[in-house]
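Me: I have a structure open and would like to go through it piece by piece. Can you take my questions as they come?

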Amino acid sequence: MTRLDFPYDERKVRALKAGEAVSIWGMVHTGRDKFHKWFADGKPVGVDFRDGALYHCGPVCVRDGGVWTVRAAGPTTSVRENPYEPAFIAASGVRVVIGKGGMDANTLAAMKRCGCVYVQAVGGAGALYAASVKRVAGVDFLDEFGAAEACWHFEVEDFRGVVAMDSHGNSLFADVAASSGKRISELYSAR
Amino acid sequence: MDMTIVDRIVELVRETSSSLPDDVEGALKRALRREDRGSSAAVVLKTALDNCALARKQGVPLCQDTGTLAFYVDERLRRKVTPATLKKAVAAATARGLLRKNCIDSVTGASYDDNCAEGAPVVHYVSPRSGKPTVTLIMKGGGSENMSRQYSLPDSSIGAGRDLEGVRKCLLDAVQKTQGYGCAPGILGVCIGGDRATGYEVAKEQLLRALGDNAGDPALAKLERRVLKEANSLGIGPMGLGGKTTLLGVKAASRPRVPASFFVTVAYMCWAARRRTIEL
């Protein structure tokens with residue numbers, strides 16, 4: 001497993017290859033549907049994403065004595081952000097996008113152009129990812145977007161995933177779709 | 001209302017939400033041993049298993065999508081375990097943080113903060129299955145529910161005719177279309193025939209069966225085994241990143257149909273297949 005420490009600069013990120021398991025250490029910011037819409041409407045996103053990580057996640061966070069703790073923080077499906085992500089990658093300088101299910105060819109092209117990767121987190125592993133958040137450094141848009149859609153700033157340790165789309169135009173999802181498509185044709189013609 | 005029963009149901013919710021059934025966790029462990037060391041598939045399965053161990057130890061939801069709650073109650077318990085009893089338990093479980101606020105009014109978009117509304121939780125009264133009366137809870141998340149689908153045969157897009165061979169093609173197609181989504185390795189609950197509504201109901205009921213349970217009908221049992229083996233040869237793997245384990249099980253049943261209709265319904269369940277039964 002490759003360890004990836006913040007800041008996730010271009011050199012480190014360009015060295016990652018599709019299929020490589022990574023363990024992320026440092027800052028990760030959540031942002032999902034309302035966050036992307038906000039950005040697309042030309043409004044300021046608040047935090048600096050340069051050499052940072054964006055996580056498609058709607059966590060369950062509870063406030064206890066003024067301190068936020070994270071109860072569950074697994075990935076949400078990324079495909080909904082396809083229309084916005086290429087522009088966000090180019091404008092923000094984000095280097096790591098974390099989510100579930102992969103993203104489209106336009107996003108893959110933006111990742112290649114700008115130096116960014118997509119990390120597939122394990123869907124369903126909400127408890128483990130919550131435990132990897134060592135500190136909630138802050139939150140933006142809590143009132144505007146609600147807790148599940150807000151932009152949370154997490155300091156994580158050993159946040160595990162797999163590089164599913166790299167900055168060289170490779171996508172595991174495309175590879176698996178091609179090979180499974182070939183195999184299903186064989187199965188269909190078998191009796 | 002019998003508060004002892006309410007407490008028992010709250011405990012059922014806690015255990016279901018925080019602890020995978022033994023057969024499912026066992027299947028994930030066997031799957032991990034089959035995958036190559038250091039592969040994406042092995043990393044995903046190890047992460048899933050570590051997550052299960054942590055959630056069980058802490059008694060917290062293993063997945064933040066605590067899903068649609070569906071109770072299957074032995075009809076002999078109809079008077080003791082009413083929808084009101086179950087709502088009371090679900091509201092209490094939500095207040096204790098065992099369930100996410102996960103219930104939205106489909107017209108207004110407002111949240112039902114206690115996860116209770118008309119039709120939530122879902123309650124089915126079912127024919128007795130065993131000696132003692134039981135209550136079974138199944139929690140199915142939205143990511144997997146979005147991957148459930150229904151075919152109407154013949155389906156020329158996949159060359160599926162009105163026979164078991166056509167059914168087999170539907171099931172393989174459903175697995176192929178779910179890749180990357182639905183959190184593989186999953187389980188297919190299948191209903192062959194019935195009307196559309198019955199198809200979805202019976203397909204989901206098959207998800208209550210243990211992974212080691214084979215269909216009583218030899219033809220269906222054979223179909224279950226064959227589709228499981230063939231789907232795992234697609235190489236889709238855990239979370240769709242490639243690997244040997246795409247499905248953990250296929251559970252099929254059939255219902256009669258009218259001559260004009262031939263539906264094949266697939267209820268897709270993610271690896272976080274949360275189901276649990278208690279005797280009352």
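Me: In chain B, what is the handedness of the crossing where helix 2 passes helix 3?
Reply: The crossing of helix 2 of chain B past helix 3 of chain B is left-handed. Keep in mind that this is a predicted model.

Me: What angle do helix 2 and helix 3 of chain B pack at, and how far apart are their axes?
Reply: Helix 2 of chain B, residues 22-34, packs against helix 3 of chain B at an angle of about 150°, and the axes are 9 Å apart. Angles over 145 degrees count as roughly antiparallel, and helix 2 and helix 3 of chain B are therefore roughly antiparallel to each other.

Me: Which residues meet there, helix 2 against helix 3 in chain B?
Reply: From helix 2 of chain B there are Glu25(B), Leu28(B), Lys29(B), Ala31(B) and Leu32(B). They meet Ala42(B), Leu45(B), Lys46(B), Ala48(B), Leu49(B) and Cys52(B) in helix 3 of chain B.

Me: And how many residues of that contact are nonpolar, polar or charged?
Reply: In the contact of helix 2 with helix 3 of chain B, eight residues are nonpolar, three are charged and no residue is polar.

Me: Moving on to the two chains. How many residues of each are in contact with the other?
Reply: 33 residues of chain A are in contact with 38 residues of chain B.

Me: Which helix supplies the largest share of chain B's side?
Reply: Helix 3 of chain B does, with 10 residues. Helix 3 (40-58) and helix 6 (164-178) of chain B each give at least two residues to the side that touches chain A. That side of chain B divides into 19 nonpolar, 15 polar and four charged residues.

Me: Now sheets. What is the strand order in the one with strand 2 of chain B?
Reply: The order is 2-1-3-8 in chain B, an open sheet of four strands with mixed pairing. Strand 2 (122-126) and strand 8 (274-279) of chain B are at the edges with a single partner strand each, so one side of each has no neighbour in the sheet. From one strand to the next, the twist averages 15°.

Me: How do strand 1 and strand 3 of chain B pair, parallel or antiparallel?
Reply: Strand 1 (residues 68-74) and strand 3 (residues 134-140) of chain B pair in the antiparallel sense, over six bridges. Val73(B) has Val135(B) in strand 3 of chain B as its bridge partner. Helix 1 of chain B, residues 3-18, packs on this sheet and touches strand 3 and strand 8 of chain B.

Me: What about the sheet with strand 7 of chain B, what is the order there?
Reply: That open sheet has four strands in the order 4-7-5-6 in chain B, and its pairing is mixed. Its edge strands are strand 4 (149-152) and strand 6 (247-255) of chain B, each pairing on one side only. Strand 5 (residues 186-193) and strand 6 of chain B pair in the parallel sense over eight bridges, and Ile192(B) has Ser254(B) in strand 6 of chain B as its bridge partner.

Me: Which helix lies across those strands?
Reply: Helix 7 of chain B, residues 196-205, lies across strands 4, 5, 6 and 7 of chain B, and runs at about 35° to strand 7 of chain B.

Me: Last one, chain A. What do strand 4 and strand 5 of chain A form?
Reply: They form a hairpin with two residues between them, and Gly65(A) in the turn has a positive phi of about 60°. Strand 4 (residues 60-64) and strand 5 (residues 67-72) of chain A pair in the antiparallel sense over five bridges. Val62(A) stands opposite Thr69(A) in strand 5 of chain A.

Conventions. Residues are numbered from 1 along each chain as its sequence is written. Chains are lettered from A and ligands numbered from 1 in the order in which they are written. This is a predicted model: local features need pLDDT of at least 70, side-chain atom pairs count only at pLDDT 80 or more; totals for chains, interfaces and linings use all residues. Two residues are in contact if their C-beta atoms, placed from the backbone, lie within 7 Å. Ala, Val, Leu, Ile, Met, Phe, Trp, Tyr, Cys and Pro count as nonpolar, Asp, Glu, Lys and Arg as charged, and the others, Gly among them, as polar. Axes are lines fitted to C-alpha atoms, for helices over the stretch in contact, and angles run from 0 to 180 degrees between N-to-C directions. Angles under 35 degrees count as roughly parallel, over 145 as roughly antiparallel, 65 to 115 as roughly perpendicular and the rest as oblique. A crossing is left-handed if the near helix is turned anticlockwise from the far one by less than a right angle, and right-handed if clockwise. Two strands pair if DSSP finds at least two bridges between them.
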